[in-house]
Amino acid sequence: MPAPAFIVTFLGTGSGVPTPFRGLSSVAVQREGELIVFDCGEGTQLQYRRAGLGMAPLVAIAISHMHGDHVTGLPGLLMSLTLAGREEPLAIYGPPGIRDYVRQNERALRTRFRFPLRFVERDGVAVLRETPTYRLICAPLDHRIPTLGFAWIEHPRPGRFDVEAARALGIPEGPLYGALQRGTSVTLPDGRTITPDQVLGPPRPGARLAYCTDTRPCPAAIELARDADLLIYEGTFAADAAEEAARKWHSTVVDAARVAREAGVRQLAITHLSPRYTDVGPLREQARAVFPNTLIARDLQRLEIYRRDEQPPERSSE
C-alpha cells in the first residue's frame, strides 16, 4: 500500500462564530514528516491536540487574511508551542499585518514566544517555501480585505525504475540502482556511464493541494486549484443565497463546485460553513449536482490524499 502524499485534518470548518458542532477555520496538512497549518481560528490549539498531531512536525502556519475567525487562535497556539519547549524556528506566512498582529499580542499578553519566528508577508503571487521536493505558493483572492489562497505542489518525481532494462545494461544491483532512481548518472566497473533516462520511465507528476477560503469565485482560485488532487474551498452559503454571498465577498457551495470543475480537480472539500446551516445534506447535494466528488468537511475529519499513479482502492470519505 503506497503512503499518502498528504494527510489532511480539518480542525475547524465553520465561519464567523464557533458552534457546538463546528470550530473556526483551520486545516492541518501533513506531508512526509512536515506539517503546515492553514488558518488558525479560535480554538485551533484544542482541536490540534484532539487530533493528536504533535507539535514537533509543525514547520509553518499560513494565514489567509486578518479576519478574526481565521487568526484569533494564533496567539494561543504559539503559547502552547512555547510551553511545549519548542526551540526550532517556525515560519508564519500571511498578508501584510500578520507580523504586527503577533508581536502586538506578545506585548499585550506580556509573554515571549521562546523560539524564532520567521514572518513572510505577501500581497501578490509568490513562492513562500521551496524544498527539493515541493513548493508552497500563494495568490491574492477576491475578498473585502487582502486575502491569500495557497497551493502546496510537489515537484515531478522520477519515472519508475525499469529493473529489466537495468539488468540488460549489466548494472550491478545495489547502490547504483538507488543513485539512478534518484536521477544521478553512474559509472559502471567497465567504464560505461549510464544515465537515468536509460532505466527510468517518464517523470511522474507530484500531488497538489489547494486551500482557498473567504473569496468570491475568481481566476486566481481556479489557477491555484488547477489539476489539484484536493481543493479545500469555502462554501459559506447555500445556492439560494447567491446574492448575499456575492455581497459579503464569499462563495456558495455551488460556486465552490464550479471552481472545482473548471480547475479540473480530483476532489473538493467544502469548508467555512455559515452557522445557520445545521443539516449539510442539502448543501452537499447542491454541490454534487455540479461536481460529484464533493464532501462537506466536518471538524476532526481526516483525509488521505494519494498521488494519481498510487491511488489505492476508493473508500467512502463520508
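The following conversation goes through salt bridges, burial and one sheet in a predicted model.

Biologist: What should be kept in mind about the numbering and the atoms used?

Modeller: Residues are numbered from 1 along each chain as its sequence is written, and side-chain values use heavy atoms, with hydrogens and water left out. Because this is a predicted model, local features need pLDDT of at least 70 and side-chain atom pairs count only at pLDDT 80 or more, whereas totals for chains, interfaces and linings use all residues.

Biologist: Why is the contact of Glu154 and Arg307 called a salt bridge?

Modeller: The term requires a side-chain nitrogen of Lys or Arg within 4 Å of a carboxyl oxygen of Asp or Glu. The N to O distance between Glu154 and Arg307 is 2.8 Å, so the pair meets that definition. A search of the whole structure finds 21 salt bridges.

Biologist: What makes Glu154 and Arg307 a link between parts apart in sequence?

Modeller: Glu154 lies in strand 9 (residues 148-154) and Arg307 in the segment after strand 16 (302-305), so the pair ties together parts that are 153 residues apart in sequence. Strands here are DSSP runs of E with at least two residues, and helices are runs of H or I with at least four, both numbered from the N terminus.

Biologist: Why do Glu154 and Arg307 count as buried or exposed?

Modeller: Buried means under 20% relative accessible area, exposed over 50%, and partly exposed in between, with a 1.4 Å probe and protein chains only. Glu154 has 5% relative accessibility and Arg307 has 8%, so both count as buried.

Biologist: How do you know that Asp229 and Arg308 form a salt bridge, and which parts does the pair tie together?

Modeller: Their closest N and O atoms are 3.2 Å apart, which satisfies the salt-bridge definition. Asp229 lies in the loop between helix 7 (219-225) and strand 13 (230-234) and Arg308 in the segment after strand 16, so the pair ties together parts that are 79 residues apart in sequence. Asp229, at 3% relative accessible area, is buried, whereas Arg308, at 43%, is partly exposed.

Biologist: What joins Arg307 to a network?

Modeller: Arg307 also meets Glu310 in a salt bridge (3.2 Å, N to O), and Glu310 is buried at 18%. Salt bridges that share partners join Arg31, Glu32, Glu154, Arg157, Arg160, Arg204, Arg307, Asp309 and Glu310 into one network.

Biologist: What makes strand 9 and strand 12 a pair?

Modeller: Two strands pair if DSSP finds at least two bridges between them; strand 9 and strand 12 (residues 208-212) have four, in the antiparallel sense, so they qualify.
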